[in-house]
Amino acid sequence: MGRFLNPDNRAFQVALNSEIYIDKTELLAYTNKVIDTKQCLICNSRPRRFGKSVTVDMLTAYYSKGCHSEQMFSNLKISKDPTYKKHLNQYDVSHFDVQWCMDPPGSPKNVVSYIKSSIIHELQEAYPGILPKEILSLSDTLSCINAAVGKKFIILIDEWDVLIRDEASNQEIQEEYINFLRGLFKCSREWISCGTSVQIPHDISSALIRDNWSDTRGRVGISTLPRAISMKAGIWFPFPEKLCSYPFPLLICIKSNTVNNFLRFQIIYQDMNSP
């Protein structure tokens, strides 16, 4: 166990050890709030390099029964929330990265079966005697465990749209993946796939959640980011200035005092894509 079921907290510890890190653990207060509600399905559709994977690592470290993270979170913002200890390391968590899962099975057409068999194998080890040896459906596996012992699972999928994006012309692969997600989340097809855009019912869009998920201003401090640069950078990211989100490349430019290079590139990019 530990690869797909109940991972440890080492990935999030790497983020905490890094030179640039801002405490966004208040997001956990929101996810705690929606557990066991109709709003428990969450999709974060931010662009690349906006901290989605770090957030998934944070969620894993907080919820997974495969680690003890009280010391890790004790000085972070979530520790002051009344729900903090109630949910800390209390759940069976399945966390997988679809991009990573593209390589081991050798072909995109085998990715879904690889994900299912890998998770089922670890669940069989964690819950011996409950599951039939030849069970093939992950949703049925989770249902059997829930019926037998009353356990619920938190499922975290990183790079979840890879098969939708990279295999857009392969209807068979897309159908299999969509049906896989439907089985896990009991979603209708329309909620999961709509033409070329993909979404899960509850997108991260409110100012409160947006601020905790992708705003990186606090990572470098207001004094490090002059107002003129803040206003210019805000042009390229459609958020109010107070919530302006700076992706990782801009943070690197700020640290190396080459932010003008970033803004110059953005101007060129905008000119190329202007109607």
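A residue counts as buried under 20% relative accessible area, as exposed over 50%, and as partly exposed in between. The structure described here is a predicted model, and the report takes up its salt bridges, two backbone angles and one helix pair.

**Salt bridges**

A search of the whole structure finds six salt bridges, among them the three pairs listed in the table.

| Pair | N to O distance | Relative accessibility |
|---|---|---|
| D36 and K152 | 2.9 Å | D36 59% |
| E70 and K85 | 3.3 Å | E70 42%, K85 57% |
| R165 and D161 | 3.8 Å | R165 41%, D161 29% |

The salt bridge between D36 and K152 links distant parts of the chain, since D36 is in the loop between helix 2 and strand 1 while K152 is in the loop between helix 7 (138-149) and strand 3 (153-158), 116 residues apart. The salt bridge of E70 with K85 joins two helices: E70 lies in helix 4 (residues 70-73) and K85 in helix 5 (residues 84-87), so the pair ties together parts that are 15 residues apart in sequence. Within this pair, E70 counts as partly exposed at 42% relative accessibility, whereas K85, at 57%, counts as exposed.

R165 and D161 meet through their side chains in a salt bridge, and salt bridges that share partners join D161, R165 and D166 into one network. With a relative accessibility of 41%, R165 falls between the two cut-offs and therefore counts as partly exposed, and D161, with a relative accessible area of 29%, is likewise partly exposed.

**Positive phi angles**

D36, already met as a salt-bridge partner of K152, has a positive phi of about 65° although it is not a glycine, and at 59% relative accessibility D36 counts as exposed. N6 is also a residue other than glycine with a positive phi, near 50°; N6 is placed in the segment before helix 1 (10-17) and, at 12% relative accessibility, counts as buried.

**Packing of helix 2 and helix 3**

Helix 2 (residues 27-34) packs with helix 3 (residues 52-63) at an angle of about 60°, their axes being 11 Å apart, and the two helices are therefore oblique to each other. Their crossing is right-handed. On the side of helix 2 the contact involves L27, L28, T31 and N32, which meet T55, M58, L59, Y62 and Y63 in helix 3. By class, this contact has six nonpolar and three polar residues, with no charged ones.

Definitions and conventions. Residues numbered from 1 in each chain as written. Predicted model: local features only at pLDDT ≥ 70, side-chain atom pairs only at ≥ 80, totals over all residues. Heavy atoms only, no water. Axes fitted to C-alpha atoms, helices over the stretch in contact; angles between N-to-C directions. Helix = DSSP H or I, 4+ residues; strand = E, 2+ residues; numbered from the N terminus. Parallel < 35°, antiparallel > 145°, perpendicular 65-115°, else oblique. Left-handed = near helix turned anticlockwise from the far one by under 90°. Contact = heavy atoms within 4.5 Å. Nonpolar A, V, L, I, M, F, W, Y, C, P; charged D, E, K, R; others polar. Buried < 20%, exposed > 50% of the residue type's maximum accessible area, 1.4 Å probe, protein only. Salt bridge = Lys/Arg side-chain N within 4 Å of Asp/Glu carboxyl O.
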